[in-house]
Amino acid sequence: MGMSEFYGTADEGEAIATIHRAIELGVTFLDTADMYGPFTNERLVGRAIADRRDKVVLATKFGNERNEDGSWVGINGRPEYVHKACDASLERLGTDHIDLYYQHRVDPSVPIEDTVGAMAELVKAGKVRALGLSEAKPETIQRAHKVHPLAAVQSEYSLLYREHAEETLKITRALGISYVAYSPLGRSLLTGTVRQASDIPEGDGRGRHPRFAADNLGRNLAKVSAIESVAREKGCKPGQVALAWLLAQGADIVPIPGTKHPERVDQNLAALEIQLSPDEVARLSAAMPPGAAAGGRYAEAQMKAVYL
């Protein structure tokens, strides 16, 4: 996402180099969406993997409908739109199939059975291999799974924010569905790279995010000190500890730390080498319990489309 929008400016050459570096190091899962840009991120990913499509599991999303000029149309889960959105994504990605196709946000005006029914038709047509939902409540997941088995559910999950995730994991584990954790580094709050509001580049959407607001930023950073303490003990980066904690929550957890710099890919993957003891996991969990984050996950208006 950050390669195309929301996290300040990005360089296309470096973005493609980042994707290539990830694949070179053994990363196989790439996650995008039609709304990133909008539309430009799918094209970027398509160019990056044009000569190595067989090396990746490619995921994209639909449902946050936008115009070419970036303006927002709304959430759309209508069956006819599902087909239209998929065909457009296939063209932009330059591929004949999408490995994992998510509904990005649940449309409250359309029964989930209707939306997933249309998604299932894409599987039958060979355009999509597996289905997923993003930001869906447990009961929505259960209803959707009855129409067609879900392979993955994606939602925010990190040491900083985990209330909805831990509730959702009860149903995904019962149904055998993988959990894709976005913002596993708390939009950089868990990396120690943001110490004050001025550390956020101009034009970066985090400057408008509730957790980075003046009153909330300091309170959140105070909690990050526990991560930094463990990182010092282990001689690694705070972000690596945050990722190691998430990986320790179960083999069904798939973190997707976003970046647009090749060196960050190396840094994030090094988290795989960090082994946290049960005591360290418990220590981190206790230092940042569910609900500890100051500020909402999104602005109030955006939260109306989350966890439906």
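The dialogue below goes through how to read several features of this predicted model.

Me: What overall fold content should I take in before looking at single residues, and how many helices and strands does the protein have?

Reply: The protein has 11 helices and nine strands, and along its principal axes the C-alpha trace spans about 55 × 40 × 35 Å.

Me: How do I judge what the radius of gyration says about a protein with 308 residues?

Reply: The idea is to set the value beside the one expected for a compact globule of that length, which for 308 residues would be near 19 Å; because the protein has 19 Å, the two agree. Two further values can be read alongside this: 54% of the 308 residues count as buried, and among contacts between residues at least 6 apart in sequence, 76% join residues at least 24 apart.

Me: What does the exposed surface consist of, and where do the charges lie on average?

Reply: The protein exposes about 13,500 Å², of which carbon and sulfur atoms supply 51%. As for charge, the mean positions of the 36 positive and 41 negative charges are 3 Å apart.

Me: How should I read the cysteines, and how many disulfides are counted?

Reply: A disulfide is a covalent bond between the sulfur atoms of two cysteines. In this model the count comes to zero disulfides. Burial is a separate reading, for which the cut-off is under 20% relative accessible area: Cys86 counts as buried because its relative accessibility is 0%, and Cys236 also counts as buried, since its value is 18%.

Me: Where is Pro238, and is this residue buried or exposed?

Reply: Pro238 is found in helix 8, which covers residues 238-247, and with 15% relative accessibility it falls under the cut-off and therefore counts as buried. Leaving aside residues up to four places away in sequence, Pro238 touches Leu190, Thr191, Ile227, Glu228 and Ala231. The C-alpha atoms of Pro238 and Thr193 are separated by 9.3 Å, although these residues lie 45 residues apart along the chain.

Me: How would the reading go for a loop residue such as Leu159, and which residues does Leu159 touch?

Reply: Leu159 has its place in the loop between strand 7 (152-156) and helix 6 (163-175), and Leu159 is buried because its relative accessible area is 1%. Again not counting residues up to four places away in sequence, Leu159 touches Leu190, Ile227, Trp245, Leu284, Ser285 and Met288; Leu190 and Ile227 are also among the residues that Pro238 touches. The C-alpha atoms of Leu159 and Leu246 are separated by 7.4 Å, with their positions 87 residues apart along the chain taken as the distance apart.

Note on methods: Residues numbered from 1 in each chain as written. Predicted model: local features only at pLDDT ≥ 70, side-chain atom pairs only at ≥ 80, totals over all residues. Heavy atoms only, no water. Disulfide = S-S within 2.5 Å. Buried < 20%, exposed > 50% of the residue type's maximum accessible area, 1.4 Å probe, protein only. Helix = DSSP H or I, 4+ residues; strand = E, 2+ residues; numbered from the N terminus. Rg over C-alpha atoms; globule rule 2.2 N^0.38 Å. Contact = heavy atoms within 4.5 Å. Areas by Shrake-Rupley, 256 points an atom, 1.4 Å probe, with all protein chains shown as cover. Lys, Arg positive; Asp, Glu negative; His and termini not counted. Charge placed at Lys NZ, Arg CZ, Asp CG, Glu CD.
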